[in-house]
Every structure is written in C-alpha cells, then in structure tokens.
Amino acid sequence: MKAVSVVTIKKELKHLSSDELTALCLRLSKFKKENKELLTYLLFESDNESGYIERVKTYIDTEFESINKDSFFYIRKSVRKILRNTKKYIRYSQIKETEVELLLYFCTKLKYFKPSISKSTQLQNMYERQLLLAKKIISNLHEDLQYDYNLILEDF
C-alpha cells in the first residue's frame with residue numbers, strides 16, 4: 001500500500017469532525033512510540049519550551065552518567081544513541097533556538113566526558129560535526145541570539 005501525499009491527507013482531514021480527528025490521533029498514537037511522544041510534546045510541552053529543554057537536558061545528563069566506560073566501543077555506541085534521541089526531541093520542537101541549545105549542551109557533555117573523547121577519532125569527529133551544525137544554525141538566527149550563542153561557542 002502506497003502512502004498518499006501530505007496535501008491529500010490535509011484535504012481529507014478538513015472534512016472530518018473533531019470527534020473523528022480525536023479518534024484518528026488516538027489510533028495513530030497506538031502504533032508507534034514516536035507518534036505518542038510527538039503528541040505528548042504538542043499537547044503538554046509545546047507551550048513551555050524552556051521546561052521542555054530542561055527535561056531533555058536532564059535526559060542527556062542521566063544517559064551520560066549511565067554510559068558503560070569499559071571500552072570506547074560501548075562509549076561510542078551509547079553516545080550515538082544519546083545524539084539520535086536528542087535529535088528526535090529537537091525534531092519534535094522544530095524551534096531553532098531549542099536545537100542550538102540542545103546541541104551545545106550535548107557538545108558540552110561530550111567535551112567534558114571522562115575518559116576524554118580525544119582518544120577516539122570517531123567521538124572527536126562526532127563532537128566537531130555537531131559544533132559545525134550548531135554554528136550553521138546560529139548563523140541563521142537573529143543578531144542578538146547570534147551574539148549570545150557565539151559567546152558560548154568561544155568556550156568550545
């Protein structure tokens with residue numbers, strides 16, 4: 001079965017009542033964890049973006065604390081998982097300031113992680129790629145925000 005375009009779905013959704021839309025959203029949330037997480041963000045957390053950022057930062061903190069430090073293989077695997085989930089949370093928000101904030105926080109945690117990431121080329125490259133991505137996003141923000149974030153970037 002081939003999925004139809006977003007435009008077609010949007011047109012069809014306009015013809016449904018609010019009860020039918022509610023039923024569709026609930027049914028959609030049962031199929032995938034990401035759908036449920038996105039609905040949770042949209043319904044409960046989108047109006048308090050700073051609280052959402054703090055919750056994601058707490059998640060990043062707990063995940064970095066629970067990394068198995070026996071070998072760099074496990075460290076790389078865990079850091080990739082943390083980054084993948086962080087990007088998923090960024091995708092839910094779609095706000096560039098949130099994206100920069102979370103990427104810079106991830107880079108800070110990675111930079112000060114023990115054992116040092118300088119002993120692993122892959123971790124060092126991951127760190128540098130995320131910093132470059134953050135710089136690219138910062139360049140598209142408002143001038144005042146650019147100045148503030150560039151001051152933070154000087155510490156890296």
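Helices (H or I, at least four residues) and strands (E, at least two) are DSSP runs, numbered from the N terminus. The model is predicted: local features need pLDDT of at least 70, side-chain atom pairs count only at pLDDT 80 or more, and totals for chains, interfaces and linings use all residues. Residues are numbered from 1 along each chain as its sequence is written, and side-chain values use heavy atoms, with hydrogens and water left out.

**Exercise 1. Place Lys32 in the chain and state whether Lys32 is buried or exposed.**

Step 1. Lys32 sits in the loop between H2 and H3.
Step 2. The classes are buried (under 20% relative accessible area), exposed (over 50%) and partly exposed in between, with a 1.4 Å probe and protein chains only.
Step 3. The relative accessible area of Lys32 is 52%, so Lys32 is exposed.
Step 4. As a distance check, the C-alpha atoms of Lys32 and Leu151 are separated by 40 Å, the two residues being 119 apart along the chain.

**Exercise 2. Classify the packing of H2 and H3, and describe their contact.**

Step 1. Axes are lines fitted to C-alpha atoms, for helices over the stretch in contact, and angles run from 0 to 180 degrees between N-to-C directions.
Step 2. For H2 (residues 18–31) and H3 (residues 33–45), the angle is about 130 degrees and the axes are 5 Å apart.
Step 3. Angles under 35 degrees count as roughly parallel, over 145 as roughly antiparallel, 65 to 115 as roughly perpendicular and the rest as oblique. H2 and H3 are therefore oblique to each other.
Step 4. Contact means heavy atoms within 4.5 Å. H2 contributes Cys25, Leu28, Ser29 and Phe31, while H3 contributes Lys33, Asn35, Lys36 and Leu39.
Step 5. Ala, Val, Leu, Ile, Met, Phe, Trp, Tyr, Cys and Pro count as nonpolar, Asp, Glu, Lys and Arg as charged, and the others, Gly among them, as polar. The contact of H2 with H3 holds four nonpolar, two polar and two charged residues.

**Exercise 3. Repeat the classification for H4 and H5.**

Step 1. The axes of H4 (residues 49–65) and H5 come within 10 Å and cross at roughly 170 degrees.
Step 2. H4 is therefore roughly antiparallel to H5.
Step 3. From H4 the contact takes Glu49, Tyr52, Val56, Tyr59, Ile60, Glu63 and Phe64; from H5 it takes Val79, Lys81, Ile82, Asn85, Thr86, Tyr89, Tyr92 and Ser93.
Step 4. Nine of these residues are nonpolar, three polar and three charged.

**Exercise 4. Which helix gives the most to the lining of the largest pocket, and which to that of the second largest pocket?**

Step 1. On a 1 Å grid over the protein atoms alone, a pocket is an open set of points where a 1.4 Å probe fits, with protein on both sides within 12 Å along at least five of seven lines; lining residues have an atom within 4 Å of a point.
Step 2. The largest pocket holds about 280 Å³ of space, and the second largest about 150 Å³.
Step 3. Residues lining the largest pocket include Leu13, Leu21, Arg27, Asn35 and Leu42. H2 gives the most, with six residues.
Step 4. That lining divides into nine nonpolar, one polar and one charged.
Step 5. Among the residues lining the second largest pocket are Thr22, Leu26, Lys36, Thr40 and Phe44. Here H3 gives the most, with five residues.
Step 6. This second lining has five nonpolar, three polar and one charged.

**Exercise 5. Where are Pro115 and Gln94, and what backbone values go with them?**

Step 1. Pro115 lies in the loop between H6 (96–111) and H7 (121–138). A cis peptide bond joins Lys114 and Pro115, with omega about 5 degrees.
Step 2. Gln94 lies in the loop between H5 (72–93) and H6. Phi of Gln94 is near 60 degrees, a positive value in a residue other than glycine.
Step 3. Gln94 has 68% relative accessibility and so counts as exposed.

Methods
Grid points are joined across faces, edges and corners, and a volume is the space filled by probe spheres set on the points.
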